[in-house]
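Here are a few exercises to work through with the model open beside you. Each one sets a task and then walks through the solution.

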Amino acid sequence: MNLSRLLKYSSIPVALVFVFSCSVKSKGARYVDFVNPLIGTAPSTTLSALQHGEDEKENNAQVVPYVTVPFGMTNWTAQTKGTETKCIAPYYYTDKKISGFRGSHWLSGSCVQDYGSMTIMPVSGKLKCQTEDRASHFSHDTEKTTPYNYNVKLADYKIDVNMTATKRCGLFQFTFENSGEAHIVVNPNSDEAEGFIQINADKNEIVGYNPVHRIYQGWGDKAGFSGYFVVKLSKSSSKFGVYQNDKILEGNTQISDLENIGGYISFNVEKGETIEAKIGTSFTSIEQARKNLEAETKGLDFAKAKDNLKNTWENLLSKVKVEGNNQDDKVKFYTAMYHSYLQPRTFNDVDGTYVSFNGGNQLMNSGKEDYFTDFSMWDIYRSSLPLFNMLTPKVNGQMMRSLFSMAEQGGWMPIFPCWNSYTSAMIGDHSVAAIADAYMKNNIEISDKEYSYLLQNAFQTPENVDYVNGKGRRALASYLKYGYIPLEDEVKESFHQGEQVSRTLEYAFDDFALSQIAAKKGDTMNARLLKKRALNYQNVYSVADSCVRGRFADGTFTKDFDKFIRKSYITEGTPYQYTWYVPQDIKGLMNLMGGENGFNANLDRFHAAKQYWHGNEPGHQIPFLYNYSGQPWKTQELVNQIMKTEYSNEVGGLSGNDDAGQMSAWYVFSALGFYPVAPSVPQYVISGPHFDKITLSFENGKKLIINAKGASSGNNYIQKLRFNGVEYDKNYLDHFSVMKGGKLDFEMGNQPNKTWGTTQENRPFSLSKK
């Protein structure tokens, strides 16, 4: 079955990729022209996804071709699925029909849910309102996707659709090829038989809202806010109505809280006539959606909006200018940057208003900054947020302050904050790792009050009702008592139950990250205690197996063990895959494996057994571990191999869920030639650039130029390195040196240099010194 899917989707022609790579001129090219939003919109065709992914959900990148501002409040996409069901994205390349154009809050690349979304659909001829009935065939040959504009022809209606966006609004042009009757249909995408639609024909408006419901903690409960929208049409009409299922109520102006509801306005159009729609959105109210629409689109025509959005993406993407002979790699690189910058989501209105975290009981104001939500934190703390720390530290600082605002409003630091609510969707306590990374890189300050929230998560468990609702670390009491989470603690109050070994490993890293904050703040007592706790990974390591293993409260290891097979005490993987998740102390892990030789032999066996699964995040640091063990040329080889085999320009070209950009951010860093293995440690582990020249432009006005002649042509082994003209033998970079700018000159070759960067003093940080 997997082989048949590989053959099926690897042969899909993606004409657009070749349009991009062939049409872009080397002189005067715009970087945004390299982006192909269709990459990752079909089931993955990469070998590790087919080997390790359990089902279609794990084997799909779950990205959609968004037209949006980076971190936009609402993202706009063609809709091929008309539901907000968990793990079903609004768009799949393999679908044959479009049923509308959605103002979406789908967490890009995820397996969660869309929420508070709405859809607009133009129809010609007979009025069709229900999602499946009105859906039109389309061809990918007429589909043009960019980050700033989506264009497609609805074949059944002969309507040409153009779409662009601002931070909180969508702009549309519907051009009708034939004269006659035409309709604009709008609906909230509620799967809960809820929502509201009102027709204001005198204002050429359709307004409405779609209530948001939680999943994970409080599954099905209302989140305390809705997705509100105001649709403003360019053409007047006195013919309108609402509908519910197949029942059309012509002349009625509103309907609410029934299944499958919506509204429409009908027109007579001339051949070639264009009706424009502008849609304002908000999570606060209809009136705020109207204010957002007024503020962002008043006097703004479609062409100008499209040009503005194009320039916005161009300005962001041009922070990293890559040069080399391989045009396909440029498409992969800039598409990865695009995917990296889709989430977290701006949640506040243009005047700073937003509904409070954890229930929406109050109206808050973010002032001159933005307030963000939808942090896929188990994923993005690894390299997405470190990428923002390097390229866009100001907005990353706003994101970290948003997390502290959540703590102030809800009483606890969030674990995995989505739909502006607490969840314990995944494992770990990685808000602390994200905050520590920003703090240790001097991008934010942390007040004593804010620090207290971080300590609270690490040392306390809330009362039962708060704990059930997602506040605090799961199974913290067991972790503190035993130094690991024993198998007897089944972690019932969590969406991911069990997974005790993985939790232990991730809490140990979070404790280390918090110890970094404590030490910098001068809290020596907690710094010392948390560093000790950062070694708790040792408590679930079985020396006899050279692998982590489930452990009972009496200290014995489970007999149910096969390190190559998924176990209930491991998160989304095998014990062998999770063994290497000790980013804070690779030297200590090495010691457990009998030293450097034992570590390298075990890591070699791991890769020989084809256990590496790039499609899931806990292994993303594994390719870089040879830098810690004296064999950095193997890191260079592995990273190069993964970039070639786990990423492509095909629609199935991402190896698993992109998870809010983490999969893509891994590619961005790897192409630059270095990776943040242990966020909160201001270092990057070097793997070697994959372009001949890279120019990084930082917010501080400095530039870092990376020269690596021949890298884009296959010379991917580091022979020598100079930093600002001085020979450089360390196999890692210091963040602060990078941010000062300058020049990195790599001498690259097609054979490994087994002496560069190998000595003990040239290796990255590990908690264990010896």
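**Exercise 1. Classify the burial of Tyr 228, then look at its ring partner.**

Step 1. Tyr 228 has a relative accessible area of 17%, so Tyr 228 is buried (buried means under 20% relative accessible area, exposed over 50%, partly exposed in between, with a 1.4 Å probe and protein chains only).

Step 2. A word on the source: this is a predicted model, where local features need pLDDT of at least 70 and side-chain atom pairs count only at pLDDT 80 or more, while totals for chains, interfaces and linings use all residues. Residues are numbered from 1 along each chain as its sequence is written, and side-chain values use heavy atoms, with hydrogens and water left out.

Step 3. The structure holds 50 aromatic pairs (rings of Phe, Tyr and Trp, the last by its six-membered ring, pair if their centres lie within 6.5 Å; planes under 30 degrees apart count as stacked, over 60 as edge-to-face and the rest as tilted). In one of them, the ring centres of Tyr 209 and Tyr 228 are 5.6 Å apart and the planes meet at 55°, so this pair is tilted.

Step 4. The two tyrosines are 19 residues apart and link distant parts of the chain: Tyr 209 is in strand β12 (residues 205-213) and Tyr 228 in strand β13 (residues 222-233) (strands are DSSP runs of E, at least two residues, numbered from the N terminus).

Step 5. Tyr 209 counts as partly exposed, at 24% relative accessibility.

**Exercise 2. Find the disulfide and give its handedness.**

Step 1. The count comes to 1 disulfide (a pair of cysteine sulfur atoms within 2.5 Å). Cys 87 is joined to Cys 111, with an S to S distance of 1.7 Å.

Step 2. The torsion about the S-S bond of Cys 87 and Cys 111 is about 110°, so the disulfide is right-handed.

Step 3. Cys 87 lies in the loop between β1 (75-79) and β2 (97-98), and Cys 111 in the loop between β3 (100-104) and β4 (118-124), 24 residues apart. Both Cys 87 and Cys 111 are buried.

**Exercise 3. Which arginines lie over the face of a ring?**

Step 1. Apply the rule: NZ of Lys or CZ of Arg must be within 6 Å of the ring centre and within 35 degrees of the ring normal.

Step 2. Arg 473 lies over Tyr 507, at 4.9 Å from the ring centre.

Step 3. Arg 533 lies over Phe 459, at 4.8 Å from the ring centre.

Notes: Helices (H or I, at least four residues) and strands (E, at least two) are DSSP runs, numbered from the N terminus.
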